[in-house]
Amino acid sequence: MRVDIGNALEDVATPGIPREALDRLDDRVAVAHERIEEGRANNEHGYEALNQPANVDVDAIQRAVEPFDDCETLINVGIGGSALGAATISAALDSDVEAYYLDNVDPKWVADHIEAIDLSKTALNVVSKSGTTAETLSNFLVVREAMDEAGVDWTERTWVTTGPEGNLRELAEKHDLPALDVPEGVPGRFSVLSTVGLAAAALQGHDVEAILQGARDADADLGSSLFDSPAYAYGAVAYALDQRGAGINVLLPYAESLETYAEWYSQLWAESVGKDGVGQTPVRALGATDQHSQLQLYRAGPHNKMVTFIRPQERADTAIPETDLEGLSYLGGSTLGELIDAEFEATEASLANAGLPNVRVEIDRVDERAIGELLYSMEAATIMGGELYNVDAFVQPAVEWGKKATRGLLGGGDFEEAEEVQAKTELTIE
């Protein structure tokens, strides 16, 4: 992975980072790197995520999914970190096994998905570390009932990925379901390179070892200077630009297959650094589509944001046919790949011309190794960001507040958070 921060410097962008400030930031990166390495060496909560590529049991993953090698469809039931990492890999890589991620509880959306799937040829993966996540367990019960009604033995089509105890662990033991362990010390949003994110990849026939090799390659690039570490450079520059007024980070992949990656990274960054009154807001976009919907704001609006471009340097291509249509003949003989690359370069230059800070992140191509490298690098970038913001990147107390309120509203216990929902101020216009 390569990261170009040239368009984030003060002599190009406003806000921008002065070159001397970049050197001072590098000193802080060195200190943070030492802390990260200490946390990894001691297997501390959160830092343990960066050890996963060396520790994950690929054989256990393969054994868990082997009973479902006849399936044509995967339903992954999870939410947040229990879905987005696996969904990113699924969306990025082609497979004969179609994957559906039930990570929302909109009733029509869930019902429409289930109705469209042949459940007799479906494998079901239920992912929840606690085994108590309301959305996940609710969707699982809905899918299980649909399987029963379709005459499908759900116990022969299901495996779980969960913690050492809880509802899902008990269910697996009762029905002798394949069960994968969620790694200890790894928050859900950092768990893509573990059983949580890799089991779906294995079922879809992807090369899990290649994904992990990409992650290990990224790990080898981590060091005490941002000038030698693409991952740390990205996390540090995003932090520094936020401190200078770029409180929004627009994630703009120039590959349709990486759109879900932007969702994954948005959770990772927002939930990790957004606390104690600090944090940069991630915004998802897609190149070249959003050149026609958002670029006007980015170029001509307030300079309160940075743009992160993500693109593969190589991709499969499609020729643009010759045409005799007036004004379009210049397109004939070129390719869609050349067009999207030109649009990328034009957009990048447009923002630089307007003085809006932007960073270019490039991978070789969208394949297993590069996806592993990208995912691991952004986990490391986020952990670096947490160190620089001086926040605990591995907790999410605001999320827990909402979970308690939801549970209380559904009669799952007495929670003062649920009582506060009733105190909402209303000013309704009809």
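This briefing walks through some helix packing, the nonpolar cores and a few notable residues of the structure above.

The model is predicted, so local features need pLDDT of at least 70 and side-chain atom pairs count only at pLDDT 80 or more, while totals for chains, interfaces and linings use all residues. Residues are numbered from 1 along each chain as its sequence is written, and side-chain values use heavy atoms, with hydrogens and water left out. Helix 14 is a good place to start: this helix gives the most to the largest nonpolar core, with twelve residues. Helices (H or I, at least four residues) and strands (E, at least two) are DSSP runs, numbered from the N terminus.

**Helix 14 and helix 11**

- Two packed helices are described by the angle between their axes and the distance between the axes.
- Helix 11 spans residues 259-273 and helix 14 spans residues 368-389; their axes come within 9 Å and cross at roughly 20 degrees. Axes here are lines fitted to C-alpha atoms, for helices over the stretch in contact, and angles run from 0 to 180 degrees between N-to-C directions.
- The two helices, 11 and 14, are therefore roughly parallel to each other. (Angles under 35 degrees count as roughly parallel, over 145 as roughly antiparallel, 65 to 115 as roughly perpendicular and the rest as oblique.)
- Their crossing is right-handed; that is, the near helix is turned clockwise from the far one by less than a right angle, whereas anticlockwise would be left-handed.
- On the helix 11 side, the contact is made by Y261, W264, Y265, L268, W269, S272 and V273, and helix 14 brings residues including L374, L375, M378 and Y389. Contact means heavy atoms within 4.5 Å.
- Sorted by class, this contact of helix 11 with helix 14 has eleven nonpolar, four polar and one charged residues. Ala, Val, Leu, Ile, Met, Phe, Trp, Tyr, Cys and Pro count as nonpolar, Asp, Glu, Lys and Arg as charged, and the others, Gly among them, as polar.

**Helix 14 and helix 10**

- Helix 10 (residues 230-243) also packs with helix 14: the axes come within 7 Å and cross at roughly 40 degrees.
- That angle makes helix 10 oblique to helix 14.
- The crossing of helix 10 with helix 14 is right-handed.
- Among the residues making this contact are Y234, Y239 and D242 of helix 10 and S377, M378 and M384 of helix 14.
- The contact of helix 10 with helix 14 divides into twelve nonpolar, three polar and one charged residues.

**Nonpolar cores**

- The largest nonpolar core has 93 residues, and those with the most contacts inside it are I89, W159, Y234, Y261, W264, Y265 and M378. Such a core is a set of buried Ala, Val, Leu, Ile, Met, Phe, Trp, Tyr and Cys residues joined through side-chain atoms within 4.5 Å.
- Apart from this core lies another, of 22 residues, among them Y100, V110, V143 and A172.
- Leaving aside neighbours within four places in sequence, Y261 is in contact with T88, I310, L374, L375 and M378.

**Buried and partly exposed residues**

- N139 lies in helix 6 (residues 134-149) and counts as buried, at 4% relative accessibility. Buried means under 20% relative accessible area, exposed over 50%, partly exposed in between (1.4 Å probe, protein chains only).
- Not counting residues up to four places away in sequence, N139 touches V77, L102, N104, V105 and V110.
- A354 sits in the loop between helix 13 (336-353) and strand 10 (358-363); with a relative accessible area of 22%, A354 is partly exposed.
- Although A354 and A13 are 341 residues apart along the chain, their C-alpha atoms are separated by 7.9 Å.

**Backbone features to look for**

- Most residues other than glycine have a negative phi, and most peptide bonds are trans.
- The peptide bond from T14 to P15 is cis, with omega near 0 degrees, and P15 is in the loop between strand 1 (2-4) and helix 1 (19-41).
- Another cis peptide bond joins G287 and A288, with omega about 5 degrees.
- D176 has a positive phi, near 55 degrees, and is exposed, with a relative accessible area of 69%.
- N390 has a positive phi of about 60 degrees although it is not a glycine; N390 is found in the loop between helix 14 and helix 15 (397-409).
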